[in-house]
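I opened this entry to look up surface features and charge pairs, and I keep to what can be read from the coordinates.

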Amino acid sequence: MGRGRAKAKQTKVARDLKYRTLDTDFSDLQRELHGESGAPIPEQYADLLDDSGNPAQR
């Protein structure tokens with residue numbers, strides 16, 4: 001017992017996700033996925049780059 005409130009909240013969240021209208025910039029997403037963001041990499045993460053400037057595969 002006592003699951004009614006939790007189930008109601010899950011239902012509300014699921015409904016919100018299902019019917020929410022999103023303004024997705026697919027061209028920006030494509031640039032990000034292809035590594036063309038143009039944003040500089042912070043110095044604290046520079047050691048994770050390989051010699052070609054791409055993120056090292058671990």
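Does Phe26 count as buried or exposed? I looked this up before anything else, keeping in mind that the model is predicted. Phe26 has a relative accessibility of 58%, and because exposed means over 50%, I entered Phe26 as exposed.

I then placed Phe26 in its surroundings: the residue is found in helix α2, which covers residues 26-33. On the surface, Phe26 forms a nonpolar patch with Leu29 and Leu33, and I noted about 350 Å² of accessible area for the three together.

Next I turned to the charged side chains. Side chains of opposite charge can pair when their charged atoms come close. How many salt bridges does the count come to? I recorded two salt bridges, and I took them in turn.

For the pair Arg20 and Asp16, I found a salt bridge in which the closest N and O atoms are 2.8 Å apart. I checked the accessibility of both partners: Arg20 is partly exposed, with a relative accessible area of 43%, and Asp16, at 41% relative accessibility, counts as partly exposed too.

For the other pair, I noted that the side chains of Arg31 and Asp28 meet in a salt bridge, at 3.3 Å from N to O. Both residues lie in helix α2, where they are three residues apart, about one turn of the helix. Arg31 counts as partly exposed at 35% relative accessibility, and Asp28 is likewise partly exposed, with a relative accessible area of 36%.

I closed the entry with helix α2, which holds Phe26 of the nonpolar patch as well as the Arg31 and Asp28 pair.

Note on methods
Residues numbered from 1 in each chain as written. Predicted model: local features only at pLDDT ≥ 70, side-chain atom pairs only at ≥ 80, totals over all residues. Heavy atoms only, no water. Patch = residues over 30% accessible without salt bridge, like charges linked within 9 Å, V, L, I, M, F, W, Y side chains within 5 Å. Areas by Shrake-Rupley, 256 points an atom, 1.4 Å probe, with all protein chains shown as cover. Salt bridge = Lys/Arg side-chain N within 4 Å of Asp/Glu carboxyl O. Helix = DSSP H or I, 4+ residues; strand = E, 2+ residues; numbered from the N terminus. Buried < 20%, exposed > 50% of the residue type's maximum accessible area, 1.4 Å probe, protein only.
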